[in-house]
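Here are some notes for a first reading of this structure. They take up the ligand site and then the cysteines.

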Amino acid sequence: MEPTSGNQGIGLALVGAVKGYRTVIIMPDSVSEERRKLIQHCGAELILIHDDGDIGKCIDECIKRALKMKEEDPRVYVPQQFENPNNTLVHKNHTALEIMEQVAGPIHGFCSGIGTGGTITGIGEVLKAKYPFIEIWAVEPENAAILAGGNIGTHVQMGIGDGLIPPILNKEIYDSIYVVSDEEAIETARRLARDEGLMCGISSGTNVAAAIKLAEKLGPGKTVVTVLPDTAERYFSTPLFE
Ligand SMILES: Cc1ncc(COP(=O)(O)O)c(C=O)c1O
């Protein structure tokens with residue numbers, strides 16, 4: 001049983017299928033149709049909670065619903081991605097090492113949108129230890145810039161900007177916060193497909209929009225890294241393809 005706005009729901013549905021567990025994914029109804037279909041395709045049950053313009057409130061309701069199910073049935077396990085330390089550990093022990101293996105030379109900048117905060121915390125901690133001079137940016141959607149002190153509304157950069165400050169987020173790891181509008185995220189994701197042949201999702205556009213600004217700030221000869229969390233095929237039903 002897991003509340004999520006990102007791709008974890010799909011991953012958990014797959015794990016449930018392989019392990020033979022009954023899996024229930026609880027998501028805001030503002031996430032893409034493709035996510036819902038993929039989850040059900042893997043045999044998981046889906047509960048949609050209405051997002052009436054406040055993603056933080058909606059995610060909170062998703063979490064409460066999962067915890068209530070756990071209270072009612074002791075066999076229920078809620079992975080709790082927003083507070084599960086294994087989330088960060090996977091990025092520390094795998095993603096960060098893959099990045100260092102694949103990037104030649106020092107890394108001067110790193111940025112990532114924050115959903116659970118696992119990516120920026122895990123990768124950020126490893127990169128900062130290896131390259132103490134690195135500049136790290138936390139990236140937030142304009143309509144859910146909770147770290148930057150903005151208002152929480154709803155937005156299309158699904159997977160990040162869930163309207164809460166996740167307990168596993170290391171707030172010491174980033175140097176600045178960069179805010180990206182839905183339009184900029186979508187436009188950048190489209191440019192990634194057209195100009196680079198990289199078919200990716202909207203939060204990848206968010207990350208690359210911020211990475212370009214960070215690269216401009218750091219200047220020529222510097223290496224900036226970010227991640228592209230998922231693929232464009234999960235967004236046919238969203239404004240990315242309008
Ligand atoms: C599409 C997408 N983008 C970004 C993220 C953010 O990553 P994190 O939860 O590690 O902060 C997620 C999380 O799963 C995601 O599914």
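1. A residue counts as near a molecule if one of its heavy atoms lies within 4 Å of it. The model is predicted. There are 18 residues around the ligand, and those that come nearest are Gln8, Gly115, Thr116, Thr119 and Ser203.

2. Two of the ligand's polar contacts go to the protein backbone. A polar backbone atom of Gly115 lies 2.8 Å from an oxygen atom of the ligand, and for Gly117 a polar backbone atom is 2.9 Å from a ligand oxygen. The side chain of Ser203 also takes part, with an N or O atom 2.6 Å from a nitrogen atom of the ligand. On its own the ligand has 390 Å² of accessible area, and the protein covers 91% of this.

3. Which pocket does the ligand take up? The ligand occupies the space of the largest pocket. The shell around the ligand is made up of 11 polar residues, five nonpolar and two charged. Both domain 1 (2-72) and domain 2 (85-241) supply at least three residues to this shell.

4. How many disulfides does a search of the whole structure find? The count is zero. Cys42, for one, is in no disulfide, and the nearest cysteine sulfur to it, in Cys62, is 19 Å away.

5. Why does Cys111 form no bond with the closest cysteine sulfur? That sulfur, in Cys200, is 13 Å from the sulfur of Cys111, which is too far for a bond. The cut-off for a disulfide is a pair of cysteine sulfur atoms within 2.5 Å.

Terms used: Residues numbered from 1 in each chain as written. Predicted model: local features only at pLDDT ≥ 70, side-chain atom pairs only at ≥ 80, totals over all residues. Heavy atoms only, no water. Polar contact = N/O pair within 3.5 Å; in protein donor to acceptor, adjacent residues only side chain to side chain. Areas by Shrake-Rupley, 256 points an atom, 1.4 Å probe, with all protein chains shown as cover. 1 Å grid on protein atoms, 1.4 Å probe; cavity = no way out; pocket = protein on both sides within 12 Å on 5 of 7 lines; lining within 4 Å. Sits in = over half its atoms within 2 Å of the grid points. Nonpolar A, V, L, I, M, F, W, Y, C, P; charged D, E, K, R; others polar. Domains from an automatic or database assignment.
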